[in-house]
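Welcome, and take a moment to look over the sequence and the 3D view below. The short sections that follow will walk you through a few places to look.

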There are 2 protein chains.
Amino acid sequence: MTVHQIVFSRRLRETPFESRAISNGAKAFTIYNHMPLASVYESPQADYAHLCEHVQLWDVSVERQVEVVGADALLLMELITPRDLSKCQVGQCMYAPLVDEEGGIVNDPIVLRLAEDRFWLSIADSDVLLWLRGVAFGRQMDVKVFEPDVHPLAVQGPRSDDLMTKVLGPEVRDIKFFRFIKTTIANTQVLLARSGWSGQGGFEIYLQDRSQGLALWDTIWEAGQEFNIRAGCPNSIERLETGLLSYGSDITLANNPYECGLDRFFKLGKSAEYMSREALEEFASKGVTQKIVHLKLPGDALAPPRSTYPVFNVKGDEVGFVTSMAWSPKFQANLCFAFVAVSETLPANELSIEVEGKRFAGKVCNLGWSES
Amino acid sequence: MTVHQIVFSRRLRETPFESRAISNGAKAFTIYNHMPLASVYESPQADYAHLCEHVQLWDVSVERQVEVVGADALLLMELITPRDLSKCQVGQCMYAPLVDEEGGIVNDPIVLRLAEDRFWLSIADSDVLLWLRGVAFGRQMDVKVFEPDVHPLAVQGPRSDDLMTKVLGPEVRDIKFFRFIKTTIANTQVLLARSGWSGQGGFEIYLQDRSQGLALWDTIWEAGQEFNIRAGCPNSIERLETGLLSYGSDITLANNPYECGLDRFFKLGKSAEYMSREALEEFASKGVTQKIVHLKLPGDALAPPRSTYPVFNVKGDEVGFVTSMAWSPKFQANLCFAFVAVSETLPANELSIEVEGKRFAGKVCNLGWSES
């Protein structure tokens, strides 16, 4: 980890839960959508171990919402993604890569359908608000696009259901994956979705009034004491093990969905207009030259890259680069996401990476980290 | 200053000069356009004192460029700002607030006109690239909009002309304010503009090949030894004294140009189409309810706010909020930018701010900080 100091200012927008994150020991932050996000509490390893066994409360206000509402809301939503959003029911969440007219990935939000003509995009780190406002203006669409007063708080970890059952009653156990309900916690209206940026299960609570943030936090926190609750945050070790890509780190505007394996979330040719249709049809027919793979390197923990590490094939040719890396206690290996030439993507293909002048050998294991 | 730790990752994009900023003592950073920007070297006070007397080299790669090129380039550029860009000559820079169809400020870049049909927007902290691509797509404009491989390096301070004369010859003294030339430094092509985010004079050097960043830095650095050059960064004390507003801290999308005093940079009614015309005409005729003022509070240094401090009038009514603050050695006072009700904006109007439960009194001094 490359660690430095950061100075907070109004431009790095304060979250409603920020004082609780700090008082509970947030040691380091990142900036995401112009807002702080804790990245370490005790240590990446200790945070990971606790997350996999207990339950954590995460200030994920940085998952900013973009609200799209009005007569043309569905038209606009369909236009910006190849995924068929007409199939998204009210009360449902859908992961929907946003793809522009050149096939570039603008963001990869979770879309929440609040009503037939009303959506939230729970976004990754880019100003989707500005892009959508630009498109809607250019097309003269009858739609409002704005950032509502909404701030997600995540409950993640294997005890999440027990905790939220204590807070709201047994009906929370019936909420299916990627579905949400409207409810009230600490006397404030929230959406409660079964979702979150880990593979350990849990919920995201969408606070809709920032003045009620601390009351919401404290209510969950109190209820969580018997479950050994801690403050936490998206954890790099857990996300590598679970295989969650991060926009900005693993995926950028320069990438298309086929390179990143995101084509599994859509089928080309939905009936609605979408701006990426031609570009994606061309990528689908011509193929791509590089793809993201899972790359496992046994041995001691290596330092994650500042940006990237180069990747080499058995002949010694540079064939790609690592975008994210963490050492996994579960697999006793360094786990990487890496872009590599398509010819190097077969399972068990041997590749090495270069860290501070030394080469470290590993293997592609796209079918799961437990492949040997 | 609220100081925490930050973890760098690929998403917080590495600058071409980053290793030099760090090796020269950058102590703290902020994140700006998804990229690190140093915010403190020795201390805000020591950095300020050196900047006002000598010359500094600033890694301002975070001033990302958005390139707009093609048959419809001027059409698009005119559409997004009320400023008349037809008057911007090739080789000229213009400060141009970008304003949307509701009158909200999207960004406040410096526009550089590289050719009749080619512009760079040297942007503040928001994804202008996405907004412009959205508008251009929606309008089906014949234009390319992208982020080029360009990374500004600033030379700021009273010895800037002496330093750049040593590097390039006496002709640099003839470059007028907000004009640029094409030249070569350290065998790499650059644009050299007389501009920069301080009131101490200087240049911005637009590197156009990131692989040449360290060579460019080292060439300027070597030449600067006799002028007592140091690495530096935009300095909060200097920018308050000089009166430079910061997008995100002082101005946001929720603000219109009249509130921020940015209407002095344009005259409504240019002949080209601009999307903010109706909204701005309405603000101009109806007036606004709040405005940014300069507010000076004599006495000891107060801690700058995490986000804002409330502002009160002499009757004790809350009438606004501080957006930026720094203690000025020159004026022996805390200097603030603050949004306040229009009725409270007269010069010498008495206002107070609340910091940690205590009130501190000061006066509006819009005609210059030296007003008493």
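## Two loop residues in chain B

Let us start at Asn228(B), which counts as partly exposed because its relative accessibility is 36%, a value between the 20% and 50% cut-offs. This residue sits in the loop that links helix H6 (213–223) to strand S16 (230–232) of chain B. Its phi is near 60°, a positive value in a residue other than glycine. Please keep in mind that the model is predicted.

Ala348(B) makes a good second stop. Its relative accessible area is 36%, so Ala348(B) is partly exposed. You will find Ala348(B) in the loop between strand S20 (333–341) and strand S21 (350–355) of chain B. Here phi is near 75°, again a positive value in a residue other than glycine.

## How the two chains are related

What rotation superposes chain A on chain B? A rotation of 180° does so, with 0.0 Å of shift along its axis and an RMSD of 0.0 Å. That is the relation of a two-fold axis. Both copies use the same surface, as 100% of the contact residues of chain A recur in chain B.

## Where the chains meet

On each side of the interface there are many residues to explore: 56 residues of chain A are in contact with 56 residues of chain B. Between them the two chains bury about 5100 Å², and 54% of this is on carbon and sulfur atoms. Within chain A, the residues that lose the most area to chain B are Arg10(A), Arg11(A) and Arg306(A), together 18% of what that side buries.

Charged and polar pairs also cross over here. The rule finds 10 salt bridges across the interface of chain A and chain B. Arg133(B) forms a salt bridge with Glu102(A), with the closest N and O atoms 3.5 Å apart. Residue pairs in polar contact between the two chains number 33. Several elements of chain A supply at least two residues each to the side that touches chain B, among them strand S1 (2–8), helix H1 (18–23) and helix H4 (128–139). The largest share, 9 residues, comes from H4(A).

## The nonpolar core

Which residues have the most contacts inside the largest nonpolar core? They are Met164(A), Ile220(A), Met164(B) and Ile220(B), in a core of 68 residues.

To see one of them in its surroundings, zoom in on Met164(B). Leaving aside neighbours within four places in sequence, Met164(B) is in contact with residues including Val155(B), Val172(B), Leu192(B), Phe203(B) and Ile220(B).

Methods: Residues are numbered from 1 along each chain as its sequence is written. Chains are lettered from A and ligands numbered from 1 in the order in which they are written. This is a predicted model: local features need pLDDT of at least 70, side-chain atom pairs count only at pLDDT 80 or more; totals for chains, interfaces and linings use all residues. Side-chain values use heavy atoms; hydrogens and water are left out. A nonpolar core is a set of buried Ala, Val, Leu, Ile, Met, Phe, Trp, Tyr and Cys residues joined through side-chain atoms within 4.5 Å. Buried means under 20% relative accessible area, exposed over 50%, partly exposed in between (1.4 Å probe, protein chains only). Contact means heavy atoms within 4.5 Å. Copies are superposed by least squares on the C-alpha atoms of residues with pLDDT of at least 70 in both. Buried area is the accessible area (1.4 Å probe) that two parts lose on being put together, summed over both. A salt bridge is a side-chain nitrogen of Lys or Arg within 4 Å of a carboxyl oxygen of Asp or Glu. A polar contact is a pair of N or O atoms within 3.5 Å; within protein, one must be able to donate a hydrogen and the other to accept it, and residues adjacent in sequence count only if both atoms are side-chain atoms. Helices (H or I, at least four residues) and strands (E, at least two) are DSSP runs, numbered from the N terminus.
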